[in-house]
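Student: I'd like a close look at one part of this model. Please take a single helix and follow it outward to what surrounds it.

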Amino acid sequence: MSETVIFSKKITWCILSILWLCLMFFLSHQNGPDTFNTSHGFTVWLAQVLGTDVELTHGVVRKIAHVGLYFVLVLLLCGWQALSGRKLWIALVLAVVFSVIDEGTKPLVVGRHCDIEDILLNDVGAALGYVVAIVARMDKWLVGNRRAVH
C-alpha cells in the first residue's frame with residue numbers, strides 16, 4: 001500500500017474519530033430535558049415493538065448507548081492509531097480518559113450529573129471495542145503487512 005493511500009486513510013479515520021467525539025460530546029452535554037427527549041422517542045417506539053415497559057426500556061437503552069458509543073469510538077481510534085503506526089492500546093487509553101472528562105464535566109450542565117456507573121459502562125464499551133479490534137486484527141487489515149502493533 002502506497003504512503004499516499006495510507007496517509008489518506010489515516011486522515012479519514014482521524015476525521016471520523018473527531019466527528020464521533022463531537023457527536024458524543026454534544027449528546028453528553030445536552031441539558032436534562034433535552035437528553036431525555038433525545039432518547040425517549042426512540043424508547044417509546046422500541047418498547048411498543050418489544051411489548052415492554054417504557055420506563056424500563058428507556059433505562060436500558062440509555063445504558064446500552066454508553067457501551068455502544070464508546071465501542072465505536074475505540075474502533076475508530078484503533079483505525080487511526082494503526083494507520084499512524086502506533087500501538088492500538090493507545091486508543092483504549094484515550095477513550096477511558098475521554099470518558100472520565102466527559103462525565104466529570106456533566107455537572108456543569110443544567111440537569112446533569114456525574115455518574116460513576118456511566119463511566120464504567122463507557123469503559124466496558126471501550127474495552128469491548130479494543131478486544132474486537134485485536135481479535136479482528138484490525139491493524140493487519142488496515143495497513144497490510146506493514147507494521148502491525150498492539
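**Helix H2 and its surroundings**

Tutor: Start with the buried residues of H2: Gly32, Thr35, Ser39, Thr43, Leu46 and Ala47. Keep in mind that this is a predicted model. The cover over these buried residues includes H1 and helix H3, residues 54–83. Why does such a list come at intervals? An α-helix has 3.6 residues a turn, so residues three or four places apart point the same way.

Next, the geometry. H2 runs over residues 32–50, which is 19 residues. At 1.5 Å a residue, the span should be 27 Å. The end C-alpha atoms of H2 lie 26 Å apart, so the model agrees with that expectation. H2 also has a bend, of about 30°, at His40.

Now take one residue from the buried list. Thr35 sits in helix H2. Its relative accessibility is 9%, and the cut-off for buried is under 20%, so Thr35 counts as buried. What does Thr35 touch? Leaving out residues up to four places away in sequence, its contacts are Leu27, Gln30, Arg62 and Arg112.

Gly32, also buried in H2, leads to a loop. Val110 touches Gly32 and Asn31, again not counting residues up to four places away in sequence. Val110 is placed in the loop between helix H4 (89–104) and helix H5 (116–135). Is Val110 buried or exposed? Its relative accessibility is 68%, and exposed means over 50%, so Val110 counts as exposed. Compare its position with Cys14. The two residues are 96 apart along the chain, and their C-alpha atoms are separated by 31 Å.

Turn to H1, part of the cover over H2. Helix H1 covers residues 3–28 and holds Leu16. Leu16 has 39% relative accessibility, so it counts as partly exposed. Leu16 also belongs to a nonpolar surface patch of about 460 Å². Phe7, Ile11, Ile15 and Leu19 make up that patch together with Leu16.

One last stop, past H5. Arg137 lies in the loop between H5 and helix H6 (138–143). Its phi is near 55°, a positive value in a residue other than glycine. At 35% relative accessibility, Arg137 counts as partly exposed.

Definitions and conventions: Residues numbered from 1 in each chain as written. Predicted model: local features only at pLDDT ≥ 70, side-chain atom pairs only at ≥ 80, totals over all residues. Heavy atoms only, no water. Patch = residues over 30% accessible without salt bridge, like charges linked within 9 Å, V, L, I, M, F, W, Y side chains within 5 Å. Areas by Shrake-Rupley, 256 points an atom, 1.4 Å probe, with all protein chains shown as cover. Salt bridge = Lys/Arg side-chain N within 4 Å of Asp/Glu carboxyl O. Helix = DSSP H or I, 4+ residues; strand = E, 2+ residues; numbered from the N terminus. Buried < 20%, exposed > 50% of the residue type's maximum accessible area, 1.4 Å probe, protein only. Expected span 1.5 Å × (residues − 1). Bend = angle between axes of the 7 residues up to and from the residue. Contact = heavy atoms within 4.5 Å.
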